[in-house]
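Colleague: I would like a close look at a single part of this model, with the contacts set out in order. Could you then place that part against the rest of the chain?

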Amino acid sequence: MTASIPPREEPTLGSTPALVLVAHGSRDPRALSTVRALMARVRDLRPGLPVHLGHIELNEPLLPDTLARLGPAEAVLVPLLLARGYHVKQDIPEMAAESQARTRVAPPLGPHPLLVETLYDRLVEAGWRTRMDDRTRRASAVVLAAAGSRDPDSKLDTTRTANLLAVRLGVPVIPAYASAATPTVPEAIRALTARGHHRVAVASCFTAPGRFATQCAEQAPWIASAPLGAHPAMARLILHRYDQTLTTNGGAISLRGAGLYRCAAPPRGRDQHNAPAPAPQPHPANA
């Protein structure tokens, strides 16, 4: 039996475009509660902004049902995904194009300095030292654990996030993947250990708890950070992507049946707070 769809929310002329958070979905019940907590934080930061949730799979509400409830309203879809890939490029745009809503799709949440801020704080919460002597720093390194994708753009985005985190931490950071790409987390740990890094932490580059996040954390030889969750910087990043998509020319409105749809692209050179986005400086371990 399919779930019934509540009545549509009729838009008013000049109404603020809705923000639709697009989560992947997970069988882990902690994922849904985490996403809902993040959504609540976004609402607290921007009172009056209509904020909705839709999932690509596994959890309700599914994205097509959320868009159906919006009817012909305007909406910005912000993927709770951390790099480009099939879901961002194909699944979400196709679901949007099938709806009556006039939609724009924001870029994924990464790479971005606010994502790195969250990763850093989660590592500190797990036991990462903010002050180290030279000997401890030389022995330390991080594996950035991500979901993985066959899309080369996904790997580029994750590598840039790893580079930005390496600059922030001052230690080598190697990206690794739970599926579909290499190196795996154990492979990255072995590579760092072979280079003399005996204090290897795993930074969880996952929006919420789930199977991949749990598996990667269990492979950590030292500490493993918690998923990004409802960190304040994540809520700010979501609103940044929403605002960015409304104010740049990269996004096109999706018209049902007209085939006019494309994903918003992040502007080059500038990102948050109207300041130049820091260019990643590759750490030797990432080269």
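**Asn-59 and Ser-26**

Modeller: At 13% relative accessibility, Asn-59 counts as buried, because the cut-off for that word is under 20% relative accessible area. Please keep in mind throughout that this is a predicted model. Asn-59 sits in the loop that runs between strand 2 (51-55) and helix 2 (63-70), and, once residues up to four places away in sequence are set aside, Asn-59 touches Gly-25 and Ser-26. With Ser-26 there is a polar approach as well, since a polar atom of the Asn-59 side chain lies 2.7 Å from the backbone nitrogen of Ser-26.

Ser-26 belongs to another loop, the one between strand 1 (18-23) and helix 1 (29-45). Ser-26 is likewise buried, because its relative accessible area is 16% and the limit is under 20%. While the backbone nitrogen of Ser-26 lies 2.7 Å from the Asn-59 side chain, the side chain of Ser-26 reaches the backbone nitrogen of Asp-28 at 3.0 Å. Not counting residues up to four places away in sequence, the residues that Ser-26 touches are Ala-31, Leu-58, Asn-59, Pro-209 and Gly-210.

Turning to the rest of the chain, the largest nonpolar core has 50 residues, and those with the most contacts inside it are Leu-19, Trp-128, Val-142, Leu-165, Leu-169 and Ile-238. Helix 9 (residues 232-247) supplies the largest share of this core, seven residues. Leaving aside neighbours within four places in sequence, Ile-238 is in contact with Leu-19, Leu-21, Leu-38, Val-42, Val-78, Leu-80 and Leu-109. Apart from this core lies another, of 17 residues, with Val-20, Leu-70, Ala-73 and Val-88 among them.

There is also open space to consider. The largest pocket holds about 970 Å³ of space and is lined by 37 residues, of which His-24, Leu-81, Ala-147, Phe-206 and Phe-212 lie nearest its centre. Helix 1, helix 3 (86-97), helix 6 and helix 8 (211-218) are the elements that give two or more residues to the lining of this pocket. By character, the lining of the largest pocket divides into 20 nonpolar, 14 polar and three charged residues.

Helix 6 (residues 152-169) also contains Leu-164, which is buried with a relative accessible area of 11%. The C-alpha atoms of Leu-164 and Pro-111 are separated by 8.5 Å, although these two residues are 53 residues apart along the chain.

Technical notes. Residues numbered from 1 in each chain as written. Predicted model: local features only at pLDDT ≥ 70, side-chain atom pairs only at ≥ 80, totals over all residues. Heavy atoms only, no water. Helix = DSSP H or I, 4+ residues; strand = E, 2+ residues; numbered from the N terminus. Buried < 20%, exposed > 50% of the residue type's maximum accessible area, 1.4 Å probe, protein only. Polar contact = N/O pair within 3.5 Å; in protein donor to acceptor, adjacent residues only side chain to side chain. Contact = heavy atoms within 4.5 Å. Core = buried A, V, L, I, M, F, W, Y, C linked by side-chain atoms within 4.5 Å. 1 Å grid on protein atoms, 1.4 Å probe; cavity = no way out; pocket = protein on both sides within 12 Å on 5 of 7 lines; lining within 4 Å. Points joined across faces, edges and corners; volume = space filled by probe spheres on them. Nonpolar A, V, L, I, M, F, W, Y, C, P; charged D, E, K, R; others polar.
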